[in-house]
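Grab a pencil and work through these exercises with the model open beside you. Try each task yourself before you read its solution.

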Amino acid sequence: MDQATAPTPHTAMRPTRIVLVLLNVLLGSLCALAQNAPPDPDLLNPKSEAARKLRDSMATPTNDWPGYLPVSEEDKKRPKVNLRFVVWDGEEGRPVLQKAVREFEKHYPWIKVKFEGVSQNFQEKLLNQVAGECAPDVAMMDMNGFNRLAKRNAIYGLNEFIAKTPGFNLKGYYKPLVDAHSFRGEVYVLPRDIAPIGIIYYNKELFRKAGIPYPDGTWTWDFKPRPELREKCFTWVMQQLTKKDKNGKVLQYGFASGWPGAFLDTLVFSQGARYADDPEEPTKVLFDDPRVVNAVQFMQDIMLKEKWFPSPTELRSGLQASAHLLFAQGRLAMYEVGIWEVPAFRRELVPGKPEFFEWDIALAPAYKDGGRGAPTGGSGYSILKQTKHPWEAWLLTMWMAGPPGMAAMANAGIAQPGIRAQALQEPWTPGPNTPKEQAYPPSRIVTDEAVPYVVFNPTSDLWPEVVSHFNSQQDSVWLGIIDAKEAMRIATERSQARLDVLRAEQRLPRANWLLGGAIGLALVGGILAWVYLPERKVRRTAKEKHESRIAYGFLMPWLLGMLFFTLGPMILSLLMSFMDWDAITPAMYRGVKNYVELGTVDPWFWKSLLVTSIYTVVAVPLGLVISLALALLLNVKVAGMPLYRTFYYLPSLASGVASALIWRRVFQPEGGLLNTLIYGPDGNWNFLGIASLLKTVSPDGPVNWLGNEKTALAALILMSVWGAGGAMLILLAGLQGIPQHYYEAATIDGAGPWTRFKSVTIPLLSPSLLFCLITGFIGSFQVFTQSFIMTSGGPNGATLFYMLHLYNQAFMSIRMGYASAMAWVLFFVILIFTVIQLRLTKYVYYEAEAK
Amino acid sequence: MNAPVTAKEYDRVAKRSTRVGVVIKTIVLAILFAGAVSFMVPFWVMLVMSFKSPGEIVVSSAWSWPKAFTWDNFNQVLTSPNVNFLLFFRNSLFVTTCVTVGVTGSSAVVAYAFARLKFAGRDRLFLILLSTMMLPGVVTMIPSYVMFAKLHWVNTFLPLTVPAFFGGGAFNIFLLRQFYMGIPRELDEAALLDGATHWHIFSRVILPLSGPALATVGVFCVIGTWRDFMGPLLYLNDPDLQTLELGLQTFRALNDERWNLLMAGSVLVSIPLILIFFVGQRFFVKGIQMTGGK
């Protein structure tokens with residue numbers, strides 16, 4: 001293709017965006033004027049001519065570009081090229097993609113692809129691999145992730161590849177999708193699919209039973225049901241489709257979304273509100289916009305007051321089901337989520353089977369003024385700069401995010417093709433040749449109709465960290481512990497502060513490694529001087545010198561290990577704690593700002609330090625007392641002692657991940673072991689009066705141990721007791737080491753059991769006790785696995801252990817410098833505790849001294 | 001209280017104490033039994049759930065024995081297309097073997113210098129050794145990651161195994177040094193007179209006598225490495241390289257809330273170490289005597 005005529009839609013993006021923003025403002029003020037005027041029915045109707053024209057302006061409805069280049073006989077003789085290809089698709093998607101990859105390998109026979117699926121924290125792991133210098137060649141990517149990589153120069157801009165590829169038709173792709181994957185006019189991700197979340201799955205039978213006509217997309221929503229509009233009012237429909245029994249227990253929910261944020265975004269965007277002023281480079285967060293606050297409050301009301309919408313707590317603990325499951329079981333009438341859940345529903349709802357019911361999808365409602373907007377998924381593939389074969393990587397990208405890959409995905413019903421022409425035909429949109437098992441949902445054309453209304457969340461790489469404050473406040477609102485206005489005030493305050501800091505820090509001076517190295521060498525020199533200066537005066541014989549040389553031979557592994565794996569890293573860590581460094585781009589000098597940020601900006605730092613300290617101060621002594629009690633009991637010469645010893649020790653041997661899983665089950669609010677014990681299988685017991693006590697933390701019904709902010713940490717402490725076996729073994733060994741005649745002597749002197757315990761056992765056991773205490777503290781301050789697996793630090797940071805926070809900073813946000821500062825703070829906290837404990841040494845009895 | 005006790009009185013006290021002893025022993029046994037049962041309950045729950053169908057898990061109580069006993073969950077776990085537990089097992093075995101050999105071997109060598117040899121800077125170096133025992137691992141975690149990244153070692157077993165060969169950890173060195181100090185010096189002095197080198201004394205005299213201590217270091221190391229989660233989490237991205245502990249987490253991420261499968265996976269992951277414990281219990285319990293009582 002001629003360079004001059006190459007399509008460059010992206011250069012036109014900026015003006016378009018400005019026009020769109022202006023239009024939005026105009027529409028907003030018009031709507032404000034005409035508050036109660038009914039919306040234009042022609043605009044509301046997706047089947048109208050106006051709506052069709054709007055869609056055609058976003059992408060051409062036809063496409064001739066095949067997505068691959070011809071391969072000549074010469075090409076086939078090329079040297080073999082290996083590519084690593086990483087995706088996050090789940091069990092549905094992987095086999096489909098793998099098949100597409102195999103076909104790609106057939107077409108380009110000199111390329112071999114290693115296919116890898118990553119299920120959790122994909123973006124973070126990818127960034128991690130870039131930092132770890134082991135990045136794949138091609139990776140799945142989305143608009144929320146690419147910016148972080150693009151800014152670090154870790155992925156290729158694709159405009160040049162596109163220009164070099166004859167016939168490439170970028171206009172065939174949905175334009176909003178391409179725009180969302182671009183930054184300043186450069187495409188960084190070749191999109192493969194779009195997934196508007198503004199679609200609602202509905203259960204036709206429940207609509208029929210309630211006597212409500214099926215939705216056709218021309219409905220609107222309002223904060224209150226408007227019975228006069230009947231089925232045209234979404235809120236009214238949601239209310240009508242909720243069924244409760246006499247006691248107010250919900251039998252059937254009117255509506256739910258895949259996650260609360262999906263619906264919240266719909267509410268916010270359709271009112272014309274946005275979360276930030278500029279999606280590419282935000283400078284101001286808008287969470288306290290009254291439209292956002294009202295939407296959040298509305299969500300809280302329909303969850304907790306009206307109960308039309310199951311709250312996350314209700315789903316997790318009360319129902320123990322996902323919204324997906326509820327819908328599949330016919331207990332949920334409407335369900336807002338992306339199209340990707342279709343294959344699962346097709347599997348679960350097979351026509352002819354008893355659980356089957358008719359279902360379909362409809363366009364999500366507009367706001368009462370006719371404004372539409374909904375979030376969207378969407379993804380594509382990017383080429384990593386660490387690849388050694390960029391052109392082959394581009395061939396793979398083009399194949400997977402071009403017609404061949406899209407056809408495969410569409411065929412499986414997983415993802416709506418990003419090329420519109422493919423989204424309009426079979427197999428994506430059903431036609432006469434569509435097989436029966438792919439008949440549902442019949443109105444798949446809705447996925448195309450929803451595209452003009454998609455709103456992309458800010459794509460800036462700063463955004464994930466900024467928005468985390470908004471998300472955590474949302475969680476508190478859904479739990480009912482705060483109202484929307486206050487929550488949004490806090491969210492705005494914290495996220496704006498974070499955004500300001502992040503923006504201010506994009507221009508820091510380069511860190512000076514030469515100076516750092518000099519400081520490091522000086523530190524090593526200081527230590528060497530401390531070790532060897534006193535030796536200067538010592539005169540040694542030749543034999544002693546010889547022995548010294550031999551000794552250093554024996555010490556060599558440790559000395560090298562000390563230098564490379566302990567001292568070296570410690571010095572590096574100290575230097576890093578004054579830097580801002582992601583290990584990818586050059587390090588920046590940040591001075592003491594990391595420490596200042598810890599103390600004054602980061603609210604989670606104090607929270608995590610507090611949580612970890614409470615955990616340590618309670619769990620370690622508690623564990624020690626229990627270990628000591630068990631050891632004393634086992635030290636009584638009873639039958640079967642080795643067997644009991646084994647039983648008590650086994651939990652300390654169980655895999656940490658497995659124990660975390662088991663205990664999650666134990667703590668489940670309904671049917672969990674702990675609550676069965678406390679409340680009884682039917683909820684009528686009151687074991688030792690604990691059930692009454694627990695009323696204070698959980699007034700309505702069984703305690704959700706891990707989901708309740710007040711009990712989550714206590715639950716983890718309880719769980720830690722299970723691991724008391726390790727200390728028990730050490731103490732038992734200590735007890736068995738106490739000579740029997742000490743006790744006999746004490747008895748003869750007339751000592752009772754308590755005196756013997758106090759004056760013989762404890763002093764003689766004190767070295768073991770101190771050892772367990774110190775190692776227990778050091779270990780406990782670094783506890784990680786439980787909260788990583790069981791709670792992810794939630795709810796609301798109640799179990800955010802220090803190590804988890806540090807891990808997230810270092811390996812999820814790739815803020816290695818900041819995390820190093822955190823590590824040093826923890827080091828000093830542990831040091832202080834250890835020194836205090838070592839002060840206890842004067843109460844510790846050492847046999848050697850007594851002799 | 002401290003008045004001398006006559007022989008008659010001592011007999012009386014002793015007799016009474018045997019009678020009291022029986023009662024006490026019964027009470028102790030009862031408490032121990034109750035405690036052991038409650039410590040075993042979570043395992044029981046894991047075990048029975050791993051033999052239940054997903055349908056039965058929803059309707060039955062958590063601790064009941066499965067009505068329709070099935071091996072199907074294990075079958076599904078082992079044949080799951082996305083995770084390969086046998087491969088995980090092999091990886092765990094490889095990493096654990098390397099680390100255990102490295103730790104035991106290198107700490108045995110280093111401990112010899114501290115226990116038997118005089119050299120320049122010995123006392124202060126020993127102090128440094130002791131203080132690194134108190135050093136929380138978190139301080140070196142991040143720079144080590146960066147270092148291994150720059151060496152292109154991430155996503156290989158090297159960051160997990162290579163450091164084990166360099167000293168084997170302060171605690172193990174200390175433990176072995178204490179043990180060596182207990183071996184009579186006459187033995188190595190006799191060997192020295194016979195013209196043996198220090199390497200000979202170490203390998204022919206000290207090592208053969210240190211079996212129990214080495215076994216203790218080894219068993220602790222096996223347990224610690226096998227259960228390590230953070231290390232593999234940081235360094236092993238490739239699913240083909242993951243260890244059992246990390247693999248179970250990967251499996252969980254793919255099958256969240258499918259309790260029958262999660263519990264079957266947990267059982268599989270927990271079994272090897274429990275077996276090792278039963279085989280090595282003798283070394284273990286004996287060896288612990290050395291760890292706490294310093």
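Two residues are in contact if their C-beta atoms, placed from the backbone, lie within 7 Å. Helices (H or I, at least four residues) and strands (E, at least two) are DSSP runs, numbered from the N terminus. Axes are lines fitted to C-alpha atoms, for helices over the stretch in contact, and angles run from 0 to 180 degrees between N-to-C directions.

This is a predicted model, where local features need pLDDT of at least 70, side-chain atom pairs count only at pLDDT 80 or more, and totals for chains, interfaces and linings use all residues. Residues are numbered from 1 along each chain as its sequence is written, while chains are lettered from A and ligands numbered from 1 in the order in which they are written.

**Exercise 1. Find the order of the open sheet of six strands in chain A, then look at what lies across strand 1 and strand 2.**

Step 1: Recall that two strands pair if DSSP finds at least two bridges between them. The order is 2-1-3-14-6-15, with mixed pairing.

Step 2: Look for strands that pair on one side only: these edge strands are strand 2 (111-117) and strand 15 (416-417) of chain A.

Step 3: Zoom in on strand 1 (residues 81-87) of chain A, which runs parallel to strand 2 of chain A and is joined to strand 2 by seven bridges. For instance, A:Phe85 has A:Phe115 in strand 2 as its bridge partner.

Step 4: Now add helix 5 (residues 93-107) of chain A, which lies across both strands and runs at about 170° to strand 2 of chain A.

**Exercise 2. Do the same for the open sheet of five strands in chain A.**

Step 1: Here the order is 9-10-11-7-12, and the pairing is mixed.

Step 2: Strand 9 (243-244) and strand 12 (359-363) of chain A are the edge strands.

Step 3: Strand 9 of chain A pairs with strand 10 (residues 250-257) of chain A in the antiparallel sense, over two bridges. A:Lys243 has its bridge partner, A:Gln252, in strand 10 of chain A.

**Exercise 3. Is helix 13 of chain A parallel or oblique to helix 22 of chain A?**

Step 1: The axes of helix 13 (residues 290-305) and helix 22 (residues 484-504) of chain A come within 9 Å and cross at roughly 130°.

Step 2: Angles under 35 degrees count as roughly parallel, over 145 as roughly antiparallel, 65 to 115 as roughly perpendicular and the rest as oblique. So helix 13 of chain A is oblique to helix 22 of chain A.

Step 3: Check who touches whom: helix 13 of chain A brings residues including A:Val292 and A:Gln300, and helix 22 of chain A brings residues including A:Lys485 and A:Met488.

**Exercise 4. How does helix 25 of chain A sit relative to helix 37 of chain A?**

Step 1: Helix 25 (residues 593-600) and helix 37 (residues 816-839) of chain A pack at an angle of about 70°, with their axes 9 Å apart.

Step 2: Helix 25 of chain A is therefore roughly perpendicular to helix 37 of chain A.

Step 3: Among the residues making this contact are A:Tyr595 of helix 25 and A:Tyr818 of helix 37 of chain A.

**Exercise 5. How many residues of chain A are in contact with chain B?**

Step 1: Count both sides: 93 residues of chain A are in contact with 87 residues of chain B.

Step 2: Helix 24 (residues 542-576) of chain A gives the largest share of chain A's side, 20 residues.
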